[in-house]
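Student: Could you take me through one part of this model in detail? I would like a close look at the ligand and the residues around it, and then a short view of the rest of the chain.

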Amino acid sequence: MESVGVPLQGCAPAREAEEPPGSPALPAEEPQSGQYAGEPPGEEVLPAVTNRERSLRGAGSQGPPGRPARGKGRRAPGRRGGEDVGRAVRRPRVTVDSSKAKTSLEALKISLRQLRWREFPFGRRLPCDIYWHGVSFHDNDIFSGQVNKFPGMTEMVRKITLSRAVRTMQDLFPLEYDFYPRSWILPEELHLFVTEVRMMKDSDPSWKPTFIVKPDGGCQGDGIYLIKDPSDIKLTGSIQSRPAVVQEYICKPLLVDKLKFDIRLYVLLKSLEPLEIYIAKDGLSRFCTEPYQEPTLKNLHQVFMHLTNYSLNIHSGNFIHSDNVNTGSKRTFSSILCRLSSRGADVKKLWSDIISLVIKTIIALTPELKVYYQSDIPAGKPGPTCFQILGFDILLMKNLKPMLLEVNANPSMRIEHEQELSPGVFENVPSPVDEEVKVAVIRDTLRLVDPQKKKRKDTQVIVLFFPAHFHFFSAIVAGMKDKQHKHHSLKLSLKLKFYFRLGLCQTLEHVSEANEELLDARPANQAEREAGRSPEAGLPSLCLKQVFPKYAKQFNYLRLVDRVAALFIRFLGVKGTTKLGPTGFRTFIRNCKLSNSNFSMASVDILYIDITRRWNSMAIDHKESGMCLQAFVEAFFCLAQKKFKSLPLHEQVASLIDFCEYHLAALDEKRLVCGRG
Ligand code: ADP
C-alpha cells in the first residue's frame, strides 16, 4: 500500500516556527458565569491573561496569541486579535460550557483564553456553542451546539468491545489488521484460548509466549498481570465476575535508555458522517522505571519493568519528573522520533504506519458508533453534533512496527502532577511536557470545530454559489502567479460550472467541497495574508493534521462493516433502539431478496434466534432484547458465505452488500414512482 502522509518532518515538528505570541495590554478578566445569562451577543470584552500563562508563553513553542507576530500582513503591536486597542472585538464570541470538564478544565481554560472564547464555568441558561464534558456524552441534556463526546464511545473502546470490533476486521482483512495483538475474551473464550495456544506450541515448539491478562473496563494498569501459560489464569471467581481480555504479550519492544515505553497519541474524531479524523503531530511517551528484560517467571511480576502506565510508575523511586521534553519518565513523542531519526531510523515510514493504524482502528469502531449515534440523536430531531479527542496507546516493537494497545475515550488532559514538597506535603505543580502537548490538542480541536469558522465557510460557499460571481472567481484565478495553483483552481472553477449546469449545486455539497479545495489551493502567501486578517492571526499553525478523508482512497475498501451497519440501521425501525427485532430481520431478508427455496423464512427465523441468543448471553447490558449489530454482522457473514461460496470472506461480504444495496435501491425507486403516481 502506498504510504500515507507524515505529520512530523525532521526532528522538531511539534515546535512551531512561528514567533510565539506574547502579551500586549489586555482588558480585565471577564466576569464569571451566571452574570451572562440572557446577555445579548455582540460586543464583548476579552479575558485577561494570567501571569502563569504569560510565563508559559515565553517558554512554550506553541504559545497563545497576544503578542504581535512579526512579519508581513500581521497587525502592529498594541492591537488585539486584529482589532483596535481599547475597543472590544465586534464579533460574537464562541461560548463554551465548561461546567462538566473535570480534570481537563485547566487545559481547557488556557485554550479558551488563547482563543479569546467565552467560558461558562458554571453552565448557562441559554444554549452554548460548545459543551466540554470530562467523561461522557450523557453528562447533560443537550439539544443544540456541539459536544466533545460521542454517545457510546466509552462502551466502544472498552477492552472487550474493541477486541471484538478489531477481530471482525481481522476476519475480513487479516493482513491489514495485524497491528493488534492476538486476543481472546474471557471467560467465554477460555477453552478456545487454551486449545489455540496448545496447537500453536505443538506446531512450533520454539515458541515461548507470554500473555497479558487485562480486566475489561480497567484502566491505569489496574488488575493486569502476565502469565506464561494459559493454565496460569487466575480462575478465582474474579474472571466470572470481571470479564477480561487475554492478549499475546509483545516481548520485544523498542527500548530507549534500556527502558520500555509506550506512546499516547491524540486523535480527533471530528465527525462520524462524513468520517473526519485528525492526528496530533506530537504525543507523549511514557516510560517504565526499571530496565527492561524479556519476561521470565522471575520478573513477570515487576510492573515497573513491564507496564508503562504513568499512574503506576509515578510510585517508583526511579520516576523522573522533568521540565525538559527530551528527558525524564514522560517525554514528548517528537523527542523520541528525533532520537530515532538521528540513529538512522525511517521515521517517515513509522508515522505512515501509525496513521494507517489510527485510521484502520477508527474504521473498526465507526459501525457500532453509528448505531449508538442514531439511537441517541435520531436524524431529524434536535440534538447536538459530536466530536471527540481519543487517546491511542501504541507500543513500538523493536523493528519499529507500531502495535495498538488500547484506545481511551477520556484520555487524561491533566497538565499538572502531584509532587511531594516535603515528607507528607503534596502540591500540584505544572507539568510543562503535558501542557505543551495537551493544551495544543484542546485548543486546535476547538479551532477545528469553531462554529463561526463554519459560518464563515458557508458564506464563502454562498458567494461562489451564484453564477454571477464566476467572473470574480475567474479574476482571482487569473491573478494567480503560481502555475500549479492556477491550474488546480481552474480545474475547480470548471468543476463548479459543471455542477451548476447539472443543477447539482442544489445540495451545496459539491460547491462546498470545491470551495474548500480552492481555499486549500491558495498559494501560501495568500493564505498567510488572509490569516493575518483572521481572528486566528497569531495562533500557531494547527497541531492536528487531517488524515481522513485525506487518505480515504487508500482505506475506503476496508469500510465494509460500515455498509453492513447502514443496512442494520435501515431496518431497526423504532427510533432510539440499538437492537433489531425478528420482524426487522425478516423484512431485511425479504426486501433484499435473500430467501429462496434453499433458505426458507423458517431458516431465517432459526438463524436469527440462534445468533441473537448467543450474543445476548455474552452481553454486559441486558437492557434491550433483540439482535445487536455484532450479531447482525455475524448473520450477514453467514449469509454471504452461503450465497457466494468460493470467494474469500471479504469478497463474499462485499458481494452480498452490493446485492442488498441494489435490491433496496430498486425498492426505493419503485416506492418513489408509486408515491408520485
Ligand atoms: P490500562 O487501560 O489498564 O492502562 P493497557 O491495555 O493500556 O491497560 O495496558 C497497560 C500497560 O501494559 C500498557 O501501557 C503497556 O505498557 C502494557 N501492555 C499492554 N498490553 C500489552 C501487550 N500486548 N504487550 C506488551 N505490553 C502490553
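Tutor: Happily! A polar side-chain atom of Thr308 lies 2.6 Å from an oxygen atom of the ligand, a polar contact (a pair of N or O atoms within 3.5 Å; within protein, one must be able to donate a hydrogen and the other to accept it, and residues adjacent in sequence count only if both atoms are side-chain atoms). For Lys214, an N or O atom of the side chain is 2.7 Å from a ligand oxygen, and for Lys159 the corresponding distance is 2.9 Å. The protein covers 99% of the 540 Å² of accessible area that the ligand has on its own, with areas taken from the Shrake-Rupley method with a 1.4 Å probe and, for residues, only the protein chains shown counting as cover.

Please keep in mind that this is a predicted model, where local features need pLDDT of at least 70, side-chain atom pairs count only at pLDDT 80 or more, and totals for chains, interfaces and linings use all residues. Residues are numbered from 1 along each chain as its sequence is written, and side-chain values use heavy atoms, with hydrogens and water left out.

Now the surroundings. The ligand has 24 residues around it, each with a heavy atom within 4 Å; Lys214, Gly221, Thr308, Asn309 and Glu406 are the closest. Sorted by class, this shell holds nine nonpolar, seven polar and eight charged residues. Here Ala, Val, Leu, Ile, Met, Phe, Trp, Tyr, Cys and Pro count as nonpolar, Asp, Glu, Lys and Arg as charged, and the others, Gly among them, as polar.

Stepping back, the protein chain has 22 helices and 19 strands, which are DSSP runs (H or I of at least four residues for helices, E of at least two for strands) numbered from the N terminus. Of its 677 residues, 51% count as buried, that is, under 20% relative accessible area, with exposed over 50% and partly exposed in between (1.4 Å probe, protein chains only).

One more spot deserves a look: Phe632 and Phe636 sit four residues apart in helix 21 (residues 629-643), about one turn of the helix. Phe632 counts as buried because its relative accessibility is 0%, and Phe636 is buried too, at 1%. Both belong to one aromatic cluster, together with Phe568, Phe571, Phe585, Phe588 and Tyr608.

Terms used. Rings of Phe, Tyr and Trp (its six-membered ring) pair if their centres lie within 6.5 Å; planes under 30 degrees apart count as stacked, over 60 as edge-to-face and the rest as tilted.
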